[in-house]
Amino acid sequence: MITARLRAWAARGPGRVPARCAGRGPGAPLQPGPGPRPTSSRQRDGVRTIVLNDPKKRNALSLEMLKSLQNDIRHEADSKDLKVIIISAEGPVFSSGHDLKELTEERGRDYHTEVFQTCSEVMMLIRNHPVPVIAMVNGLATAAGCQLVASCDIAVASDKSSFATPGVNIGLFCSTPGVALGRAVPRKVALEMLFTGEPISAQEAVLHGLLSKVVPEEQLEEETMKIAKKIASVSRPVLSLGKAAFYKQMSQDLRAAYSLTSQVMVDNLALQDGQEGIKAFIQKRKPTWSQ
C-alpha cells in the first residue's frame, strides 16, 4: 500500500524517527538528565512543548543544544498520546544560530562535521516526524535559528520578531540555513537574505511565507496553543499520513503528485478514522478517533 511506502519514505535517512523510547506520563518532563539541559520539554493533552533554554548564550545551537533538541523531538515519537510539538525559546532571542566558539580551527574538521551533520539531522527529523511541529517565535532568529523556524511545519511569531542569515558578514556563508530558507520563501528573497545578511521583520517574513502568522507579543502563546489544540483534536493517523504525503508530492511533477495523492486518498479511506469521520459527518455527530 502507498501508506506503508510513505511511512518508509518518512523514516529514511539520518533524520528518521527511531522506535519509541521509555517515557513518562503526560505533563511530566521528558528524559530528565543528571545535570541541567539546554532544552526543557513537557507534554500535556497531546501537545509537547520544547523550550530552548539557554538565554545567556542567546539560545545558540551548540552541539549540546542540538542533541538535546533532537532527543526531545524523538522522545516517544510513535506514542498515540503525542499529537503536535511546539518549539519555543526563553529570552529575547529565539536562537542566534550555531555557537561560533565551536567553529574555530582549534576544534578541528571532525568536530565541525559533527556539528553540521547533527544540525541537518534535527531539521530532517522535524520534516520526517509523524506529527506537525510548530515554531513559536518571540524575538530574533538568525542563521541556524532561522533555519529551525523555516524547517518547522507551521511558524507563529510575535510582531517584534525578526529573521536573518548573516553568516556572510563574518565570512561563513549560511549554506545549510539556505536549504530550509530556500524551500520556505521565494528564491530571490532567500538570496537577498543570504547575500546581504540583512534581517527581515516578522511582517516581511509572513508576506514571503517564512511564517504562518504574526500576532502581538501578548497574544503569541494563546494563538499558538489555539492552533496546537485544534491539531490535537483531529486523528493522528490521518495527520501523519497527510503530512508525509504532502512533503513527498512537493518534489514531484504534477502528474506524479496527483498519482501519489490519489492513492493516498484511497488509503486514507481504508483507515478506521477515515471511515469514522465520514460516518460521523453523515450522522451529524462528533467523530470518535481511534487514538
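Strand β3 (residues 84–89) and β5 run parallel, joined by three bridges. Ile87 of β3 stands opposite Ala135 in β5. This is a predicted model, and β5 is a good place to enter it.

On another strand, the pairing continues. β5 and strand β7 (residues 154–158) pair in the parallel sense, over four bridges. Here Val137 has Ala157 in β7 as its bridge partner. So β5 has pairings with both β3 and β7.

How enclosed is strand β5 by the rest of the structure? Five of the five residues in 133–137 are buried, so the strand is largely enclosed. In a regular strand, side chains alternate between the two faces of the sheet. Both faces of β5 are covered. Val133, Ala135 and Val137 lie buried on one side. Ile134 and Met136 lie buried on the other.

Helix α4 (residues 144–151) is also mostly covered, with eight of its eight residues buried. An α-helix has 3.6 residues a turn, so residues three or four places apart point the same way. In α4 the buried residues run from Ala144, Gly145, Cys146 and Gln147 to Leu148, Val149, Ala150 and Ser151.

Next comes a charged residue. Arg236 lies in helix α9 (residues 236–250). Which side chain of opposite charge is nearest to Arg236? It is Asp78, 4.3 Å away. A salt bridge needs a side-chain nitrogen within 4 Å of a carboxyl oxygen, so this pair does not count as one. Arg236 is buried yet has no salt bridge. Leaving out residues up to four places away in sequence, Arg236 touches Ala77, Asp78, Ser79, Lys80, Leu82 and Lys83. Pro130, Val131 and Gln291 are also among its contacts.

Glu276 is another buried charged residue, in helix α11 (residues 272–282). Its relative accessible area is 14%, under the 20% limit, and therefore it counts as buried. What does Glu276 touch beyond residues up to four places away in sequence? Its contacts are Arg285, Lys286, Pro287, Thr288 and Trp289. Glu276 and Pro287 are eleven residues apart along the chain, and their C-alpha atoms are separated by 6.2 Å.

The last stop is on the surface. Val168, Phe173, Leu191 and Phe195 make a nonpolar patch of about 330 Å². Val168 lies in the loop between β8 (162–164) and α5 (175–182). Why can Val168 belong to such a patch? Its relative accessible area is 31%, and patch residues need over 30%, so Val168 qualifies. By the burial classes, Val168 is partly exposed.

How values were computed
Residues are numbered from 1 along each chain as its sequence is written. This is a predicted model: local features need pLDDT of at least 70, side-chain atom pairs count only at pLDDT 80 or more; totals for chains, interfaces and linings use all residues. Side-chain values use heavy atoms; hydrogens and water are left out. Patches are made of residues with over 30% relative accessible area and no salt bridge: like charges are joined within 9 Å, nonpolar side chains (Val, Leu, Ile, Met, Phe, Trp, Tyr) within 5 Å. Accessible areas come from the Shrake-Rupley method with a 1.4 Å probe; for residues, only the protein chains shown count as cover. Helices (H or I, at least four residues) and strands (E, at least two) are DSSP runs, numbered from the N terminus. Buried means under 20% relative accessible area, exposed over 50%, partly exposed in between (1.4 Å probe, protein chains only). Two strands pair if DSSP finds at least two bridges between them. Contact means heavy atoms within 4.5 Å.
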